[in-house]
Amino acid sequence: MHPRNIYKNPPDFNKLRIEYPEFAAKVHIDVDGKIKLNFNDQESVRVLTQCCLMKDFDLKVELPIDKLIPTLPLRLNYILWIEDLLNHCSIKENVFGIDIGTGASCIYSLLLIKMHTQWKMFALEIDKENLKYANKNINYNQFDEKIVLINQEGSNKIFENLFKHDSNHKTFCVCNPPFFSSKNELVLGSENRTGKRKRPRSSYKESSTETVFTEGGELEFVKKIFNESLELKEKVEIYSSMFGCKKNLLNFITVLKHHDIKNFTTTEFVQGKTFRWAIAWSFNRNLLNFEDHTSKKKFEKKPNVLTHTIDDEFETTHSKILNLLSNLKINLKLINKNEKDKYFKYELEALENTWTNQRRKRRAGNKLDESSTFHESASASQEENIVMGFEIYKSNLKSSVNLKIFYLRGTMSRDCVNQILQYIKNNLK
Amino acid sequence: MVYLKDELENSPEMDKPPKKKFKTDKDNFRYGNYRNYYFKRFGAESKTDIRLEIMQYHSEYFKDKQILDIGCNSGLVTINFAKLLQPKSVLAIDIDANLIDMARKNLQKEKANFNLPEEQLAALNRIIFRKANYILTDRTLIEHERPQYEAILCLSVTKWIHLNFGDDGIKFLFKRIYKQLHQNGVLILEPQPFSGYKKRSKLNAEILENYKAIKLKPEQFEAYLLSDEIGFSESWCMTDSEILEQSNLPKGFHRPLQVFVKR
Ligand SMILES: C[S@@+](CC[C@H](N)C(=O)[O-])C[C@H]1O[C@@H](n2cnc3c(N)ncnc32)[C@H](O)[C@@H]1O
Ligand SMILES: C[S@@+](CC[C@H](N)C(=O)[O-])C[C@H]1O[C@@H](n2cnc3c(N)ncnc32)[C@H](O)[C@@H]1O
């Protein structure tokens with residue numbers, strides 16, 4: 001979570017319930033009086049989002065229930081990162097932003113204008129319903145002077161209509177691309193693209209195709225932005241987009257490198273167990289040094305150690321786990337051991353993600369359909385790896401075994417560490 | 001069946017004569033949260049609690065139902081309840097975290113018993129023990145309470161809630177129970193008589209004050225629960241006086257199990 005993100009600490013449900021009767025109507029209390037919200041219920045999430053926007057940003061936003069409900073902490077992370085980039089590039093005045101695929105909520109544009117009243121936003125949208133709601137939301141907040149809604153209906157291009165409307169230079173673009181390439185990917189792939197807990201599948205029923213499905217998924221969409229950027233060049237100083245899937249980001253980086261574009265930077269957004277990535281690139285020479293900006297950040301990150309305790313005998317657990325790891329084709333290097341105290345430390349290296357495929361295969365009843373084979377071939381061509389630290393030792397109090405696992409380096413996402421631990425937990429039972 | 005006397009007369013700390021006005025060192029047990037409650041109650045040999053025998057005659061209220069057990073102590077009655085009555089789920093709470101630890105350990109021990117029939121083991125797996133004070137500090141939270149249980153057990157707990165949280169606390173207890181029950185759900189209440197309050201009233205200054213201010217006596221609980229302020233529709237007594245007579249239960253334990261039905 002970005003240090004300036006006000007949702008570093010979760011919203012105060014108690015204050016919200018007292019202030020907003022519509023929120024009060026949604027909460028449950030547990031037996032000890034803790035206030036809970038059912039995050040699997042779209043309607044509850046919608047009300048929470050609306051109330052937070054009202055309380056924390058003084059924004060009145062109408063969110064249709066059948067459309068994507070934006071996750072505020074995640075949206076803010078992206079916005080704050082853009083602020084950081086602009087700061088880094090010393091851009092302070094005359095800021096004109098583009099919000100590609102603003103959605104019904106118009107969320108990025110509304111937040112950005114609220115936080116920077118001097119800026120101006122251009123919000124692009126292709127879906128009729130979304131356009132209608134976005135327009136309403138702009139009106140509600142009296143931002144008609146600040147946010148220009150650009151209708152993309154019938155357009156094959158991303159930026160064409162925008163520059164037809166206003167040919168001036170733009171400062172940056174943000175984009176949360178339409179993500180699923182097919183229904184299969186929706187079922188098998190990234191579980192919680194909204195950033196919320198797992199979304200019940202039924203809530204997609206009404207979703208219009210444009211919102212979540214797009215030919216080729218998010219990668220194709222961002223590639224389209226990129227291809228147009230090759231022509232527009234410095235018409236937009238900083239291009240950026242979010243990715244919901246790390247593989248797509250890595251693929252996109254290969255595309256950038258292929259075009260010899262070095263002036264780019266990436267980031268990872270973490271919210272609980274949800275991971276998102278974003279990339280920004282630029283053709284403006286003055287904006288170089290992007291790389292420094294991120295590498296500094298990376299080193300600041302503390303290793304995130306995951307722990308787990310197993311109530312079982314040391315030797316059997318140890319050998320079972322070594323077996324599981326070898327099933328996953330994870331290479332083991334013994335770093336340190338102390339047989340007497342039953343302590344072993346390993347370095348683990350994985351060259352491909354075998355654990356999620358395992359999961360997918362199991363879910364899909366061992367049937368590999370087109371989309372997942374596509375994923376496998378994509379991953380094979382990609383030079384992926386992840387190196388982790390792993391400790392296993394006998395607890396000196398009880399007859400139980402402690403595990404510690406943490407990310408060290410590599411191109412694969414950090415959430416792999418959690419997935420591997422989960423895999424071990426599930427398969428030890 | 002031999003019962004030793006419970007907290008009424010024979011709790012461990014009662015053996016010593018009281019010296020100070022308030023037994024501040026006993027403040028630890030101000031909620032009736034005795035560690036060896038069931039040892040005191042059943043003696044060394046474990047016996048079936050008579051209340052469970054009675055409830056077995058009315059198993060239709062519990063079998064495959066969702067149950068809340070308020071003030072479960074170290075969980076022994078809860079565990080036997082689940083084994084005998086096969087509820088769908090039991091959430092058992094106690095205000096004392098140490099007792100919940102003990103309850104969890106007791107449950108583990110019970111599950112480790114190899115001779116346990118399959119369906120009893122399955123029933124044990126449906127018990128959850130949690131530390132919680134049923135009397136919420138923020139009383140306004142009650143407006144969010146929704147029906148979620150088909151039966152709520154509140155056995156030998158009212159005295160402690162009454163002494164610690166006063167009439168307000170007791171009223172909150174009943175209101176919350178009513179709101180948490182589904183339609184046709186039942187409250188199984190075993191209230192302690194007022195005569196036993198006095199002895200406990202000197203645990204600390206707060207309790208003494210609460211004790212003195214009590215207006216809603218246990219004898220009035222039934223009428224109160226059936227009044228519009230709470231809303232139960234019917235009540236009846238589950239305890240058959242014959243069963244009580246047959247058991248060698250000391251007088252102090254002749255407490256009826258009362259059933260309140262929400263319609
Ligand atoms: C994943 S949603 C993002 C919505 C919103 N920005 C958010 O973050 O919650 C992607 C949006 O892009 C829109 N979209 C798809 N193709 C587009 C295009 N060619 N031009 C503009 N918007 C498009 C979709 O209709 C959808 O509203
Ligand atoms: C006398 S024991 C009864 C145990 C069990 N219900 C039985 O009848 O066998 C009373 C229990 O209620 C618990 N208790 C008292 N006040 C409570 C409250 N406000 N919330 C939850 N538990 C409470 C005490 O900690 C104690 O363990």
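Okay, let's start with one pair of side chains: A:Lys337 and A:Glu339 are joined by a polar contact of 3.2 Å. Keep in mind that what you're looking at is a predicted model.

So where does that lysine sit? A:Lys337 belongs to strand E11 of chain A, the stretch covering residues 330-338. Is A:Lys337 buried, exposed or partly exposed? Its relative accessibility is 44%, and because buried means under 20% and exposed means over 50%, A:Lys337 counts as partly exposed.

Who else does this lysine meet? If you skip the neighbours within four places in sequence, A:Lys337 is in contact with A:Tyr343 and A:Phe344. And here's one to find on the screen: A:Ile392 is 55 residues away from A:Lys337 along the chain, yet their C-alpha atoms are separated by 9.6 Å.

Right, on to ligand 1. Which residues come nearest to it? There are 21 residues around ligand 1, and the nearest are A:Arg75, A:Gly101, A:Glu125, A:Asn130 and A:Asn176. Let's zoom in on a couple of those. For A:Glu125, a polar side-chain atom lies 2.5 Å from an oxygen atom of the ligand. With A:Gly101 the backbone does the job: one of its N or O atoms is 2.8 Å from a nitrogen atom of ligand 1. Then there's A:Gln152, where a polar side-chain atom lies 3.4 Å from a ligand nitrogen. How much of the ligand does the protein cover? On its own, ligand 1 has 600 Å² of accessible area, and the protein covers 96% of that.

What is the shell around the ligand made of? You'll find ten nonpolar residues, seven polar ones and four charged ones. If you want to trace where they come from, look at helix H5 (107-115), strand E4 (120-125) and helix H9 (209-212) of chain A, since each of these supplies at least two residues of the shell.

Last stop, chain B. Its secondary structure comes to ten helices and seven strands. The chain has 263 residues, and 52% of them count as buried. Now take the contacts in chain B between residues at least 6 apart in sequence: 81% of those join residues at least 24 apart. And the outside? The accessible surface of chain B is about 12400 Å², with 50% of it belonging to carbon and sulfur atoms.

So, if you're exploring this later, go back to the place where we began, the 3.2 Å polar contact between A:Lys337 and A:Glu339, and then hop over to ligand 1 and look for A:Glu125 beside its oxygen atom, 2.5 Å away.

Definitions and conventions
Residues numbered from 1 in each chain as written. Chains lettered and ligands numbered in written order. Predicted model: local features only at pLDDT ≥ 70, side-chain atom pairs only at ≥ 80, totals over all residues. Heavy atoms only, no water. Helix = DSSP H or I, 4+ residues; strand = E, 2+ residues; numbered from the N terminus. Buried < 20%, exposed > 50% of the residue type's maximum accessible area, 1.4 Å probe, protein only. Contact = heavy atoms within 4.5 Å. Polar contact = N/O pair within 3.5 Å; in protein donor to acceptor, adjacent residues only side chain to side chain. Near = heavy atom within 4 Å. Areas by Shrake-Rupley, 256 points an atom, 1.4 Å probe, with all protein chains shown as cover. Nonpolar A, V, L, I, M, F, W, Y, C, P; charged D, E, K, R; others polar.
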